[in-house]
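Please open the model in your viewer and keep the selection panel at hand. The stops below say what to select and what is found there.

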Amino acid sequence: MKLFNKKNTLSMLAVLGVYAIAGLLINTGFIDSYIFLNIVLIGINIILAVSLNLITGFTGQFSLGHAAFMSIGAYAAGILTAKLDQPFWVGIAGAALFAAFAGIVIGIPTLRLKGDYLAIATLGFAEIVKIIGLNTEYIGGATGLNDIPRYTTWTWLYFCVAATVLLISNFIKSYKGRACIAIGEDEIAAEAMGVNTTYYKVLAFTLGAFFAGIAGALYANYFYFLKPDSFGFMKSIDILVIVVFGGMGSIKGSIIGAILLSVISLFLQGIPELRMVVYSLILFLIMVYRPQGIMGKSSLKFFRKRGVLYANHQGK
Amino acid sequence: MEQLTQQFVNGVSLGSIYALIALGYTMVYGIIKLINFAHGDIYMIGAYIGFALTSFLHVGFFPALIISMLLCALLGVLIEKVAYKPVRNSTRIAALITAISVSLFLEYGMMYFVKAETRTFPELLPNKQISILNTSAVLDIKNIYIIFVTISLMLVLQYTIYKTKVGKSMRAVSLDRDAAQLMGIDMNKTISYTFAIGSALAGAAGVLVGTYYNSINPLMGVVPGLKAFVAAVIGGIGVIPGAVLGGFFLGMTETMVSAFGGSLYKDAVAFAILILVLLAKPNGLLGRNIKEKV
Amino acid sequence: MPIIKVNNLSKSFGGVKAVSNINMTIDGGEIIGVIGPNGAGKTTFFNLLTGIYSPSSGEVVYNLDKEISSKSFKPYKMTGYGVARTFQNIRLFKNMSILDNVLLGYHNNMRYGLLSSLFRLPSFYKNESKAYEEVLKLLEIFNLLDKKDELASSLPYGEQRKVEIARALAAKPKLLLLDEPAAGMNPNETKELTALINWIKDEFKLTIILIEHDMSLVMGICSKVFVFDYGTLIASGTPNEVQNNEQVIKAYLGGE
Ligand SMILES: Nc1ncnc2c1ncn2[C@@H]1O[C@H](COP(=O)(O)OP(=O)(O)OP(=O)(O)O)[C@@H](O)[C@H]1O
Ligand SMILES: [Mg+2]
C-alpha cells in the first residue's frame, strides 16, 4: 500500500505516454479533426459510463436519467463560458458543482425507491429537466444555446477523463466505495454492519452526477451548441448500454465499452437509413449472448434473476 | 364551467388511451417483471395496421379495430417468443435493454418501410358534434366511440381475468410465480396470453388515436408509451385496476394543465406527479407493499 | 449491572403476534442461548434487538457504553452502539472477496473523509493498512486466511457462517448476536465452532446471545438459556433447569 510502488509508477508513465504521443499526432495533423471529434465523443462517453457505473454498477441504484446530469453540466458550462465570459476551468468546476447539486436533489427524495421504481423516477426527473430546458428563454429554449467558445482541447479532455477514472477507482477501493458496493449487494446486511445507506446512496448519486457534469462541460465547449433534446431518454439509455456492455461494476469494462460502442456507431453512420435498426440488433445480440458484459463476472443482487428480489429467503 | 365540461370530455378520452396502453404494461410487468419498452411501439404498429386497412382496403372502423387488435396480439406473442424468451432468466437490466432494443427495432424498422413522414388517417367516423346540455361545450362522436370502445374492452378484460382459466393462471403467476409453477401452471402459455391481450389493447388504442387525431408516424408510440407507463406506475404497476386509475388520472390532469395555460409543461407535470406519487406511496396508488423478510 | 433490559417487548405483523410481552435482563460477559421451536419468534426478537424492526410496544434498553433505548435504534447505528449480528439466512456480500466482506465489518472504525478516499491522502493509507492487519488477524482466527481473496459465494456453507461471524467481530462489538451459527454444519464443525465461540467471548470480552437448534452447542457453552414459544418467553434458567422444565418439554414435543 504505497503511493510510488512499481505498478503505480508504470501506470503513471503509461498515462503520460499516451497523452504525449496522441498530442503529438494531433498537433502534426496525423489525427485529423474528424478523428479527433470521435476521440472527444469517446472521452465524454468514458466519463459518463464510469460515473454511471458508480451509481448503477457498484451501488446498485438503477438510474435512467444520467443524461440529465450531463445536460445540467453542459448548460452550466455553456452559460459560464459563453454568457459570463468565464475561463474554461470555471466552466468545468461550475458544471460539476451544479450537476452534483442536482445529484443531491434527485438522490434524497428517491431514496425510498428501489429497482424499477427508482429507474422510473430518475427517468421522470430527466424528462422534467429536459422540459424545463426547452421552455427557458435565457438558455435559448428549444432552439438551443449558441456560440459557446470551443475550449475543449486534447489536454483538457485527456486529463478530465484520466481524473475521472482515477478518482472513481480510488473511491471504489476505499471503505466508502466498499460501503457502496455492499449496498448494491445486500442493503440489509450493509446496514447491519454500520453502513448509513441513505448517506452512501446520495453520495453515489452526487459523485456520479459531479463527473457527468464535467462530461457535459467538455461537450458544451467542443460542439459550441446545446439543445435540450440532445440529453433525452435515449442518451441516458446509450450511457446505460455502455455500462452494461462493458460489465456492471467494472471500470475497465466501462472504458472498453465506451470505445467499442463509439466505434460501432461510427461505422453505422455509413448506413444512415438502417443505422438504428442494425444498432438495435447489435444491442439485442449482446444482451442474449453476453448479458454480463465484456468484463462482467457475476451480477449484483438487483440485477440477478428477475423475481428473486422479493422472494422469501427464509431458509428453515 | 363550459370549458371545464369540455376539458373533462377531452380528459376522459385521453385517459382512455393511456389506460388501454397502461394495461399492457402492467399485465406484462405483473407476470415477468419486465418493463416492456416496446409496448408503445406496438400501439404505433396498431395505428399503422388500422391506417393500411382503412385507406387501402377501405375497411370500416370496427373491422379495422378488430383486425388490428388480432395482428397486434400476434406481434406481441412473436416478440415475446423471439426476443424476451432468450433473456427470461437473465438479469433484469439485460431484459430491460433487450426491450429497448426491440423498441428501437420496431420504430426504425417501421421508419425504413413506411418512411418518417406523418400519414393522415381517413375520416372513419361521422364528424358530428353534440352540444352538452345546451351549452357551447361539445361532445364529439369520436369521443363517444373512444370511451365506448375502451369501456367495452375493459369489461371483456375484467371477465377474462376473473372468470376464465387463462385469467386465473395470470393472476396466480403474478401473485407468486414459483408457487404457480409448482401448481402446474404452464408458464409459457400464460406469458403468451398476457402478451397477446396486452398487445391487442395497445393495438386498439393505436386505431382509436389514429381516428381521433387523424395523424400517425413511426415515432408516435414513444411519448404516449412513456406516459402510459407512467400511468401504470402511478396506479401501482402489476395491479390491473391501478393501470386504469393511473391512465384516467394522468389523462385528466394533463388535459386540465393544458387547458389552464400550462401546455408547454404538461409532460413535465405528468412526470412530477409520478415522482410525487412514488414518494408518498413507493408502490403506486394501488400497489402492494412487499417487504423483504429478514 | 445488566447490559440489556427488555421491558414488555411485543411485535406483531398484521394478526401474527411474533413476539409478545417479553421481559428479561441480561448480564455482561456471558453466553446466552435463545431456543424454541420453529416460528417461535427468535429471529424477530433479534431483529428487535438490532433496530431492523421497531417494537409494536415495549422497549429494549442497552447499557453498553451509555444507556440507549430502542426508540433511537436504527439498523446502521447498531454497530456504533456496540452491537453486531449475523443472519440466519447468511447475508454475505456474495460477489465480494472474503477479505472485503470482513473489511466492511470494520466500516465504523474507519476515520478518513471523502477527500482522502478520492485522493488517497495519508490518512487513507494509515486507516486502510491498520484495518487490513486487523482483518487478517480475524481471518487467521477463523482459519480463513488462505481463502481471503475468494468470493464469498464460492465457500461452503459452514465457512460462510464463519465469515459472517468474522465480519461481525470486525465491527468491534461488545454484544454479538448469532442467529443459528451452527446451522448447516456437521457435528465436527459444530464442535469446533462451539470451542471458537467460547474462545472469542474471552478474547474479545464479549457478551454473546445465540439462537440455536443444536442442543449440544447450547448446553455446552451457554450459562443461561431463554426459551421462546409462540412469541412468549416460557422459561429461563441454566441449561439444566430449562431442560427439565415441564413447559419446555411440552412445547418441544407438542411443536414437532
Ligand atoms: N416480516 C415479517 N412479516 C410477517 N410475518 C413475520 C415477519 N417476520 C416474522 N414473521 C412471523 O413471525 C413469526 C416468528 O418468526 P421468526 O422468524 O421470528 O421465528 P424463529 O423463532 O426465528 O423461527 P425459526 O427457528 O424457524 O428461525 C412467524 O410466524 C413468522 O412467519
Ligand atoms: Mg429464526
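Begin with chain B and chain A, across whose interface a single salt bridge is found, the term standing for a side-chain nitrogen of Lys or Arg within 4 Å of a carboxyl oxygen of Asp or Glu. To see this salt bridge, select R92(B) and D116(A), whose side chains meet at 2.4 Å, N to O. This is a predicted model, in which local features need pLDDT of at least 70 and side-chain atom pairs count only at pLDDT 80 or more, while totals for chains, interfaces and linings use all residues. Residues are numbered from 1 along each chain as its sequence is written, chains are lettered from A and ligands numbered from 1 in the order in which they are written, and side-chain values use heavy atoms, with hydrogens and water left out.

Next, show everything in contact (heavy atoms within 4.5 Å): chain B contributes 50 residues and chain A 52 residues. The area buried between the two chains is about 4,700 Å², and carbon and sulfur atoms give 74% of that area; buried area here is the accessible area (1.4 Å probe) that two parts lose on being put together, summed over both.

For the third stop, move to chain C and select the magnesium ion (ligand 2), whose protein donors are T43(C), through OG1, and Q88(C), through OE1, at 1.9 to 2.1 Å. Donors are N, O and S atoms within 2.8 Å of the metal (3.2 Å for Na, K and Ca), and because water is not among the atoms, sites may look incomplete. T43(C) sits in helix α1 (residues 42-49) and Q88(C) in the loop between β6 (83-85) and α3 (98-105), so that the pair, 45 residues apart, links distant parts of the chain; helices (H or I, at least four residues) and strands (E, at least two) are DSSP runs, numbered from the N terminus. Are T43(C) and Q88(C) buried or exposed? Both are buried, which means under 20% relative accessible area, with exposed being over 50% and partly exposed in between (1.4 Å probe, protein chains only).

Finish with two backbone positions in chain C. Select N8(C), in strand β1 (residues 2-13), which has a positive phi of about 45° although it is not a glycine; N8(C) is partly exposed, with a relative accessible area of 41%. Then select K205(C), in the loop between α7 (187-203) and β8 (207-211), where phi is again positive, at about 50°, although K205(C) is not a glycine, and where the residue is exposed, with a relative accessible area of 71%.
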